[in-house]
Amino acid sequence: MLAIIGGSGLTQLSSLEVNRREIVRTPYGEPSGALLFGRIGAQDVVFLARHGFGHTIPPHDVNYCANIAGLRQVGATRVVSVASVGGIRNDLGPGTLLVPHQIIDYTWGRKMTFHEGADSPVTHIDFTDPYDAGLRGALLDAAAAIGEPIVDGGVYAATQGPRLETAAEINRLERDGADVVGMTGMPEAALAREAGLAYAAIAVVANFAAGRGESAHGIEFATIEATLHAAMARVRGVLSRLCQAPA
Ligand code: HPA
């Protein structure tokens, strides 16, 4: 089953015909909200709003372990994450959709592994390519099939938040090789890998990152909502196409 984790601007999926809601409990606590089960096109889908349905859980407080464990518990095998980001590169302006291929993790203090505690043997995962190639390809193909422009590849910098970055921090992220910056990509991607779930993301550029483009002197929150609203309609289109055929 396909899981979709919706971020800021995507707390509901209008294309999902919901037939069941379930509150699941996991050994790591409860996910951000009830899991919504339904169908999009030819596929069974489970949807989870990462920040809760009322958008009340900030990025550093999201229980990523419970979210991933909960999705696996109900039978998800693939996870598409939708996440809003700031664009660092000057060709990645507001409204751009991008399927990242790499991650740099700058978060701290988050519970970032399932393998902890006295009973758990030391476990390492391969994370050379943090996103699943097959699922990335399927997202890119779906976008191409409906003529939706989407950028193939980019380095996602995961910052701690909830504050946005300084202009100097964005310069540093760029020197590190980052193309977009967001607050929720990690540890979500690593936990999905630990759980054996194929994971890929659609990054939705909500704003130019601090000090870039029209954010040269500050980030204008007023326009972000409208940008995300319009972009999420396009994301729904990609997801509908992704689900048009059976998995
Ligand atoms: N920085 C970090 N996370 C974000 C941003 C940003 O500029 N925009 C949306 N999520």
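The shell of residues around the ligand is a good place to start: sort it by class and you get four nonpolar, four polar and one charged residue. Before you click further, keep in mind that this is a predicted model.

**Stop 1: the ligand and its shell**

Select Ser84, Val85, Gly86, Leu164, Glu165, Val181, Gly182, Met183 and Asn207, and show them as sticks; these are the residues around the ligand. Which residue has a side-chain N or O atom 2.7 Å from a nitrogen atom of the ligand? Click on Glu165 to find that side chain. Next, move to the backbone of Gly86, where an N or O atom lies 3.3 Å from a ligand nitrogen. Val181 also offers a backbone N or O atom, at 3.5 Å from a nitrogen atom of the ligand. Now switch on a surface for the protein: of the 260 Å² of accessible area that the ligand has on its own, the protein covers 91%. Two elements, E5 and E10, each give two or more residues to the shell. E5 gives the most, with three residues.

**Stop 2: the space the ligand takes**

Now hide the ligand for a moment and look at the space left behind. Rolling a probe the size of a water molecule over atoms is a way to show where empty space remains. Which space does the ligand take? The ligand takes the largest pocket. This pocket holds about 730 Å³ of space. It has 33 lining residues, and the closest to its centre are Ser8, His55, Ser84, Ile224 and Leu228. To see which elements give two or more residues to this lining, colour strand E5 (78-87), strand E10 (180-182), strand E11 (198-208) and helix H5 (221-242). Which element gives the largest share? Pick helix H5, which supplies six residues. By class, the pocket lining has 17 nonpolar, 12 polar and four charged residues. Ser84 is worth a label here, since it is among the residues closest to the pocket centre and also belongs to the residues around the ligand.

**Stop 3: His55**

Stay with the largest pocket and zoom in on His55, another of the residues closest to its centre. Follow the chain on either side of His55: this residue is in the loop between strand E4 (43-49) and helix H1 (64-73). Then check its backbone angles. His55 has a positive phi, about 50°, although it is not a glycine.

**Stop 4: the second largest pocket**

Select Tyr106, Thr159, Gln160, Gly161, Arg163, Leu164, Glu165, Glu169, Arg172 and Leu173, which line the second largest pocket. About 160 Å³ of space lies here. How many residues of this lining are charged? There are four, along with three nonpolar and three polar ones. Two names should look familiar: Leu164 and Glu165 line this pocket and are also found around the ligand.

**Stop 5: two cis peptide bonds**

Keep Gly161 selected and add Pro162. The peptide bond between Gly161 and Pro162 is cis, with omega at about -5°. Pro162 sits in the loop between strand E9 (155-158) and helix H3 (167-176). Now jump to Met186 and Pro187, where you will find a cis peptide bond with omega near 10°. Is Pro187 in a helix or in a loop? Pro187 is in helix H4, which runs over residues 185-194.

**Stop 6: a closed space**

For the last stop, look for a cavity. How many cavities of 30 Å³ or more does a search of the whole structure find? The search finds one. The largest cavity has a volume of about 50 Å³. To frame it, select Ser81, Ala83, Pro100, Tyr131, Tyr156, Gly185, Tyr199, Ala201, Ile202 and Ala203. E5 and E11 are the elements that give two or more residues to this lining. E11 gives the most, with four residues. Colour the lining by class and you will count eight nonpolar and two polar residues, with no charged ones.

To end the tour, bring the ligand back and centre your view on E5, which gives the most residues to the shell around the ligand.

Key. Residues numbered from 1 in each chain as written. Predicted model: local features only at pLDDT ≥ 70, side-chain atom pairs only at ≥ 80, totals over all residues. Heavy atoms only, no water. 1 Å grid on protein atoms, 1.4 Å probe; cavity = no way out; pocket = protein on both sides within 12 Å on 5 of 7 lines; lining within 4 Å. Points joined across faces, edges and corners; volume = space filled by probe spheres on them. Nonpolar A, V, L, I, M, F, W, Y, C, P; charged D, E, K, R; others polar. Near = heavy atom within 4 Å. Polar contact = N/O pair within 3.5 Å; in protein donor to acceptor, adjacent residues only side chain to side chain. Areas by Shrake-Rupley, 256 points an atom, 1.4 Å probe, with all protein chains shown as cover. Sits in = over half its atoms within 2 Å of the grid points.
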